[in-house]
Amino acid sequence: MQITRNTNATNKGSADWFTGDVWVDAIAAPAEPARLQGGMVHFAPSARTAWHTHPLGQTIYVTEGVGLCQREGGPIETLQPGDRVFFEPGENHWHGAAPDRFMVHIAVLENDEHGVSTTWGEHVTDEQYGA
Ligand code: MN
């Protein structure tokens, strides 16, 4: 058993991977042989991830606010608290806050055999976001 007290810093999401203000709290960090990782992510209004894929997929669960998500080639979907989204392995997508609302989600995903959980692509432009 390993207890981690409330000592982990909240980390600012890298500008390489996010647009706008995004803050991440680690819920679960992979410890071999386990591959599970989880995070709670706070997005400021209009903040969002870049386009990306997850080799083993990802589940997000919205806890607060209003969010948006989109898979490549699909419509932009609005997300409310209690909504859960599963992104398929390899499915190119983004997720973030609505233009005028904060959004918080829990994210659950797994590392692949190379320790990779996410492959990052281009930023979501204002035009793509609809801002
Ligand atoms: Mn994702």
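This report walks through a predicted model, from its metal site and sheet to its largest pocket, salt bridges and a few backbone details.

**The manganese site**

A good place to start is the manganese ion. Its donors are His52 (NE2), His54 (NE2), Gln58 (OE1), His93 (NE2) and His95 (NE2), at 2.1 to 2.2 Å. Written along the sequence, these donor residues follow the spacing H-x1-H-x3-Q-x34-H-x1-H. The site links distant parts of the chain: Gln58 belongs to strand S7 (residues 58-65) and His95 to strand S11 (residues 93-97), and the two residues are 37 residues apart. Gln58 has a relative accessibility of 5%, so this donor counts as buried. His95 is buried too, at a relative accessible area of 3%.

**The sheet**

Strand S7 also takes part in an open sheet. Its 6 strands come in the order S1-S3-S4-S12-S7-S10, with antiparallel pairing. S1 and S10 (84-87) are the edge strands; each has a single partner strand, so one side of each lacks a neighbour in the sheet.

Here are four of the strand pairs, with their bridge counts:

| Strand pair | Sense | Bridges |
|---|---|---|
| S3 and S4 | antiparallel | 6 bridges |
| S4 and S12 | antiparallel | 8 bridges |
| S7 and S12 | antiparallel | 7 bridges |
| S7 and S10 | antiparallel | 4 bridges |

Individual bridge partners help to fix the register when you look at the model. Asp25 is matched with Met40 in S4, and Gln37 with Leu109 in S12. Thr59 is a handy landmark, standing opposite Val108 in S12 and having Phe86 in S10 as a bridge partner.

The edge strand S10 is worth a second look. In a regular strand the side chains alternate between the two faces of the sheet. S10 shows this pattern: Val85 and Phe87 point to one face and are buried, whereas Arg84 and Phe86 point to the other and are not.

**The largest pocket**

Which strands supply at least two residues each to the lining of the largest pocket? They are S1 (11-12), S3 (22-28), S4 (36-43) and S12 (103-110). S4 contributes the most, with 5 residues. The pocket itself has a volume of about 490 Å³. Its lining counts 25 residues, and those closest to the centre are Phe18, Val24, Gln37, Val41 and Trp120. By character, the lining splits into 10 nonpolar, 14 polar and 1 charged. Gln37, one of the residues closest to the pocket centre, is also the residue whose bridge partner in S12 is Leu109.

**Salt bridges**

Side chains of opposite charge can pair when their charged atoms come close. The structure has 2 salt bridges. One joins the side chains of Lys12 and Asp21, with an N to O distance of 3.1 Å. Lys12 is partly exposed, with a relative accessible area of 40%, and Asp21 is likewise partly exposed at 41% relative accessibility.

Arg48 and Asp126 form a salt bridge as well, their closest N and O atoms being 2.9 Å apart. Arg48 sits in strand S5 (residues 48-49) and Asp126 in helix H1 (residues 126-129), so this pair ties together parts that are 78 residues apart in sequence. Arg48 counts as buried, because its relative accessibility is 2% and the cut-off is under 20%.

**Loops and backbone details**

Most residues other than glycine have a negative phi, and most peptide bonds are trans. Two places in this model are worth checking against that background. A cis peptide bond links Glu32 and Pro33, with omega at about 5°; Pro33 is in the loop between S3 and S4. Ser46, although not a glycine, has a positive phi of about 75°. Ser46 lies in the loop between S4 and S5 and is partly exposed, with a relative accessible area of 28%.

One further loop residue is Val116, placed between S12 and strand S13 (119-120). Val116 counts as partly exposed at 31% relative accessibility. Where the chain brings Val116 and Pro55 together, their C-alpha atoms are separated by 7.5 Å, although the two are 61 residues apart along the chain.

Notes:
Residues numbered from 1 in each chain as written. Predicted model: local features only at pLDDT ≥ 70, side-chain atom pairs only at ≥ 80, totals over all residues. Heavy atoms only, no water. Donors = N, O, S within 2.8 Å, 3.2 Å for Na, K, Ca; no water. Buried < 20%, exposed > 50% of the residue type's maximum accessible area, 1.4 Å probe, protein only. 1 Å grid on protein atoms, 1.4 Å probe; cavity = no way out; pocket = protein on both sides within 12 Å on 5 of 7 lines; lining within 4 Å. Points joined across faces, edges and corners; volume = space filled by probe spheres on them. Nonpolar A, V, L, I, M, F, W, Y, C, P; charged D, E, K, R; others polar. Pairing = 2+ DSSP bridges. Salt bridge = Lys/Arg side-chain N within 4 Å of Asp/Glu carboxyl O.
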